[in-house]
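Okay, let's get going. Today I'd like to talk about the empty space inside this one, so have a look at the model while I get my notes up.

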Amino acid sequence: MTLIDWLIVLFYLVATMGVGLYLSRKGSKNLAEFFVSGRSLPWWLAGTSMAATTFSIDTPLYITGVVGNRGIAGNWEWWTFGISHIIMVYIFARMWRRSEVITDAELTEVRYGGNMAAVLRGVKAFIFAIPMNCIGIGYAMLAMVKVVDALGIWQNLGIDAGENTLKLLSVIGVSIFVLIYAGLAGLWGVVATDFFQFFLALFGAILVAFFAVGSVGGIQELVRQVPLASDKDILSLLPLTFGGEGNAFIQFSQTAGITASTFLAYIAIQWWSWRRSDGGGEFVQRFAAAKNETEAEKAAWLFNIMHYVIRTWPWIIVALAALVLYPDLQDKELGYPKLMLDFLPPAMLGLVVASLIAAFMSTVSTSINWGASFITNDLYLRFIKPSATQTELVFIGRLSSVLVTAIGAIAAFVASDVATVFRLVIAIGTGSGLVLILRWFWWRVNAAAELTAILGSFIIGSVTSLVPALTIADFGLRLMFITASVTILWVIALFVTKPETEATLNEFYRRVRPGGPGWTKQRASTGLEPAQNLSLDLQRVAAGILLLFGFLLTTGGFLLLQPVIGWISLIVGVGGWMWLRQLNKSNALRMPRPGSDRD
């Protein structure tokens, strides 16, 4: 990196810190301002912040490794989450906003009652804030450390030490910086900086893709050379072959980089079995912070378009170029920073490094704020000091940010592979998804069932991923085993324990007003009709899935010179869009007029 590169990076860091300092007073007013921005975010800011949160510095490195090791079809590991994210748009976003909670752990004592609900809230807050969240922070920090190492920053500063020492210095450095930035302004600082961080990070990814394609002689030459660099079917968007031998028209490709069981687990299980199947996690903060239900729904759609359709392909193009240019690179994840250093000219390199820092900060700052919200709202305020003042709670929120960051830094120091850690995060959160969905639509789900599911998924996922003698190597079989085991456990717990009281169920229904047949008795008791047409919304989900994945594969098909899949996907996407338009018109007819009590 040259002087101009360092100046660009320095300017970005100073600007970001300036925004955090400017908004620190606004975030210091009270707990709602610090963690949900006073529930006043517009949809475009909430949606962009959601997209920025899921775009970290680890993401391009992770995808470079996935494509290099498993081919483009390996991305179905995260593409299938698009199904649950479309469900989030039409089924859950509005209900989360109506619940008016600060965290998803807080919902447990809205949905359930008694001591079991309190235990569930505490356990859930701890597991989500510390182990799950800090592992996520850890692999984002690990990716940042890899970039710092690839850029040779410590060597440029004249610091010559062992690999572990330099890794420790890198972890401490990035931890302190992001902690200062995230701990000052709360969610206001996070979402405000997310807006320009997202577009800077996206621009950086496009810039690297442009120079990467140019380095191999254009997209046609790239597509020609990729099959020569691997014995796997790297370019296939689906690990399937059509018109194969035998009676089956569609068969699993024998040269695919993922196994048939893994792909089946992705498309049939993973998206509904994971712990965020109902739109939970950091997204709850954005829904809770949105101005109203309509803004929450728009924010969710904006996130989906940006996350899946727009920014997928610059990462994949870079990964393909890295595979061609560095076929013998042992750690495929390092192909991304190597391309930056080898082919970006001065100033451009500085912009891309700044974009990666932006991606890192947007994700880790959100995770720090999210984890601190559990500790502050669901542990300290709920169990330690219910009478705490708003000023005290903001202070505890900042102190919690320090704790979460420190544990995340430890996770980053002991980890070595981004993709492996990403799979661990998926595994320990798999199995609880079905009960999290059903709690919104079936009165019989109780706190004991959800507690069993949360603990079961964490324990079984950890054991089958970390204990050598019990590890299930095939990731698809691992997900299937975790899901089946956890489901059996929580179903048993459900039917051997008592249901929630009528008063608790009526109060939950009165606040959230979900649709479907599972709340018939509560509708009669409260005299309130559901605020959701579940049948119509499920049709909108189906149309939205066709639209999202149609345009996702359309972009990839035409970009990678696969016109057949491009045209077929375009027809599917346009068909989904037309169907969705018609359904939205029907939905508009049932929506209340502006100014009514439902607005």
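**Cavities in the model**

So, the second largest cavity holds about 50 Å³ of space. Keep in mind that this is a predicted model. What lines that second cavity? You've got Thr64, Gly68, Ala319, Ala322, Leu323, Tyr326, Leu329, Lys332 and Gly335 around the second largest cavity. Two elements, helix 4 and helix 15 (312-325), each give two or more residues to that lining. Helix 15 has the largest share there, with three residues. By class, the lining of the second largest cavity splits into five nonpolar, three polar and one charged.

Okay, stepping back: how many cavities of 30 Å³ or more are there? The count is three.

Now for the big one. The largest cavity comes out at about 680 Å³. It's lined by 32 residues, and the closest to its centre are Thr54, Tyr139, Trp274, Arg276 and Phe422. Quite a few helices chip in with two or more residues each: helix 4 (58-70), helix 6 (81-99), helix 8 (114-151), helix 13 (282-289), helix 14 (293-310), helix 17 (348-384) and helix 19 (418-428). And which helix gives the largest share of the lining of the largest cavity? That's helix 8, with six residues.

As for chemistry, the lining of the largest cavity has 17 nonpolar, 11 polar and four charged residues.

One thing to look for on screen: helix 4 is on the list for the largest cavity, and helix 4 is on the list for the second largest cavity too. Okay, that's me done.

Technical notes: Residues are numbered from 1 along each chain as its sequence is written. This is a predicted model: local features need pLDDT of at least 70, side-chain atom pairs count only at pLDDT 80 or more; totals for chains, interfaces and linings use all residues. Side-chain values use heavy atoms; hydrogens and water are left out. On a 1 Å grid over the protein atoms alone, a cavity is a set of points where a 1.4 Å probe fits but cannot get out, and a pocket is an open set with protein on both sides within 12 Å along at least five of seven lines; lining residues have an atom within 4 Å of a point. Grid points are joined across faces, edges and corners, and a volume is the space filled by probe spheres set on the points. Helices (H or I, at least four residues) and strands (E, at least two) are DSSP runs, numbered from the N terminus. Ala, Val, Leu, Ile, Met, Phe, Trp, Tyr, Cys and Pro count as nonpolar, Asp, Glu, Lys and Arg as charged, and the others, Gly among them, as polar.
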